[in-house]
Amino acid sequence: MKRLKINYLLIGLITVLLAVALWPTIPWYGGTQDKIAQIKSRGVLRISTINSPLTYYTVNNAPAGMDYELAKRFADYLGVTLQVTVRQNLNDLFDDLDDGDADLLAAGLIYNSERLARFRTGPSYYSVSQQLVYRIGTPRPKNLGNLKGRLTVASGSAYMTTLRNIKESQYPDLDWAISTDQGPKALLEAVAEGELDYTIGDSVTIGLLQRIHPQLAVAFDITDEEPVTWYMQRNTDDSLYAAMLDFFSQMEEEGAMARLEEKYLGHVGAFDYVDTRTFLRAIDDILPAIRPLFERYATEIDWRLLAAISYQESHWNPQATSPTGVRGLMMLTRNTADSLEVSDRLDPEQSIRGGSEYLQRMMEKVPFSVPEDERIWFALAAYNMGYAHMLDVRKLTEKQGGNPDSWADVKLRLPMLSQKRYYSQTAYGYARGHEAYNYVENIRKYQLSLVGYLQEQEKKLAQRKALEAAIGDGYPAVAPDIAMN
């Protein structure tokens with residue numbers, strides 16, 4: 001028995017020594033693994049983000065957004081799944097990095113040198129300028145020394161760094177409040193609703209929110225364009241950074257980044273206050289009566305896109321008639337209506353059914369080499385100017401060294417179909433390509449407004465119900481936590 005005990009002791013000692021020697025190579029031990037090895041071992045890339053019309057949101061219960069799509073593709077590149085955590089404010093985002101609860105922050109964050117002591121940035125993927133916003137109907141300030149109300153910015157934002165620098169160099173009396181519980185998007189919405197006087201936002205987010213909150217107005221730019229980037233922990237491990245560099249490089253080389261930029265940024269464009277206000281009123285006053293028809297006949301696309309197409313065509317006027325003879329909600333020609341068995345173009349149901357079927361025919365003609373999420377834009381251009389001219393503009397794009405399967409490349413050539421030096425090179429000649437360009441861009445803007453506006457209505461309804469329930473339970477309302485600078 002004594003010899004057996006000694007053997008057990010020797011075996012135990014050898015086991016401990018082997019464990020110590022092999023410990024760093026065990027997959028679940030992260031002590032000496034680099035970051036990429038940890039992520040792959042875990043099988044999950046964890047990102048933290050914020051809800052905004054660009055970074056992350058949901059449509060039909062499915063996630064979307066530029067940062068979400070980028071992160072999903074990065075996770076696929078690493079061979080892991082994506083885990084998304086949505087935070088309400090910027091401080092919570094960076095807490096996730098500090099606490100090791102996130103591998104990356106993918107939230108449309110502006111590059112900020114003050115953060116570099118604790119965090120590291122990835123490659124830039126688009127640029128924005130910082131802008132001061134106010135509500136239409138109130139005096140427009142000329143500069144930060146001319147403010148007639150309270151400026152409020154989000155805690156932890158790059159805007160605070162900008163304001164501190166401006167206070168030191170230009171306006172020593174400049175003052176502002178700091179919101180610790182609301183992010184930049186919530187503050188922009190508060191200005192639009194008249195709850196705050198001023199705040200600062202980035203130019204792209206402001207441009208997108210104006211489609212839903214047209215009362216939001218830009219007073220002036222505070223900065224030149226600055227890069228937007230992801231953030232990660234700062235340490236001596238370069239593996240995650242190196243992987244990101246390679247991933248972004250591949251995205252650029254394959255043209256995938258240009259497609260993503262076109263999808264989310266390509267239609268931001270100039271803002272028309274009157275047109276947007278008119279459209280939002282129509283959503284309230286006209287759409288409810290015809291919405292069931294769009295929902296019924298939008299079999300291949302989102303019903304809100306079909307509704308946006310109809311608004312671009314007729315402003316939802318079932319009696320609409322153009323000088324060229326197209327009529328109805330979807331402005332069908334007589335020949336098109338006959339081919340679709342539409343006997344009365346002024347009948348809302350027949351018009352929407354016919355327009356939806358005709359658009360589906362156009363989508364079926366689009367070459368399969370065109371990415372699925374871009375096929376609709378090619379189909380809409382063909383819907384507007386004819387499919388033959390779509391063939392022409394694709395060939396013209398290829399002839400000029402562009403990608404005929406990329407909407408970002410093709411749409412730039414559409415106006416050329418109206419210029420003799422270019423349409424003389426095509427098979428089908430002159431076309432109102434500039435109109436087709438504006439047609440598709442307007443539809444994309446209307447779709448953005450419609451989706452966002454309906455989501456805002458649903459959110460306000462849910463908040464109202466929650467508030468009524470809270471009051472019924474005897475809970476007091478809590479005001480936002482705002483500290484003074």
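## Exercises on side-chain contacts

Asp103 is buried, with a relative accessible area of 2% (buried means under 20%, exposed over 50% and partly exposed in between, for a 1.4 Å probe and protein chains only). The model is predicted, so local features need pLDDT of at least 70 and side-chain atom pairs count only at pLDDT 80 or more, while totals for chains, interfaces and linings use all residues. Residues are numbered from 1 along each chain as its sequence is written, and side-chain values use heavy atoms, with hydrogens and water left out.

**Exercise 1.** Work out which residue meets the side chain of Asp103 in a salt bridge, and which parts of the chain the pair links.

*Step 1.* The partner is Lys35, at 3.1 Å from N to O; a salt bridge needs a side-chain nitrogen of Lys or Arg within 4 Å of a carboxyl oxygen of Asp or Glu.

*Step 2.* Asp103 belongs to the loop between helix H4 (90-98) and strand E5 (104-110), whereas Lys35 is in helix H2 (residues 35-42), so that the pair links distant parts of the chain, 68 residues apart. Helices (H or I, at least four residues) and strands (E, at least two) are DSSP runs, numbered from the N terminus.

*Step 3.* Lys35 is also buried, at a relative accessible area of 14%.

**Exercise 2.** Contrast the salt bridge of Lys72 and Asp76 with that of Glu189 and Lys459, asking where the partners lie.

*Step 1.* Lys72 and Asp76 meet at 3.0 Å, N to O, and both belong to helix H3 (residues 66-78), where they are four residues apart, about one turn of the helix. An α-helix has 3.6 residues a turn, so residues three or four places apart point the same way.

*Step 2.* Both are partly exposed, Lys72 with a relative accessible area of 32% and Asp76 with 46%.

*Step 3.* Glu189 and Lys459 meet at 3.7 Å, N to O. Because Glu189 lies in helix H6 (residues 184-192) and Lys459 in helix H19 (residues 433-472), this pair ties together parts that are 270 residues apart in sequence.

*Step 4.* Glu189 is buried at 12% relative accessibility, whereas Lys459 is partly exposed at 30%.

*Step 5.* Shared salt-bridge partners join Lys35, Arg42, Arg46 and Asp103 into one network, and the whole structure holds 28 salt bridges.

**Exercise 3.** Describe the aromatic pairs that involve strand E12 through Tyr231 and Trp230.

*Step 1.* The structure has 20 aromatic pairs; rings of Phe, Tyr and Trp (its six-membered ring) pair if their centres lie within 6.5 Å, and planes under 30 degrees apart count as stacked, over 60 as edge-to-face and the rest as tilted.

*Step 2.* Phe94 and Tyr231 have ring centres 5.5 Å apart and planes at 75°, so the pair is edge-to-face. Since Phe94 lies in helix H4 and Tyr231 in strand E12 (residues 226-233), the pair ties together parts 137 residues apart in sequence, and both residues are buried.

*Step 3.* Trp230 and Phe248 have ring centres 5.4 Å apart and planes at 75°, so this pair is edge-to-face. Trp230 lies in strand E12 and Phe248 in helix H8 (residues 239-254), so parts that are 18 residues apart in sequence are tied together; Trp230 is buried at 1% and Phe248 at 5%.

*Step 4.* Trp230 and Phe248 also belong to one aromatic cluster with Phe74, Tyr77, Tyr125, Tyr126 and Phe247.
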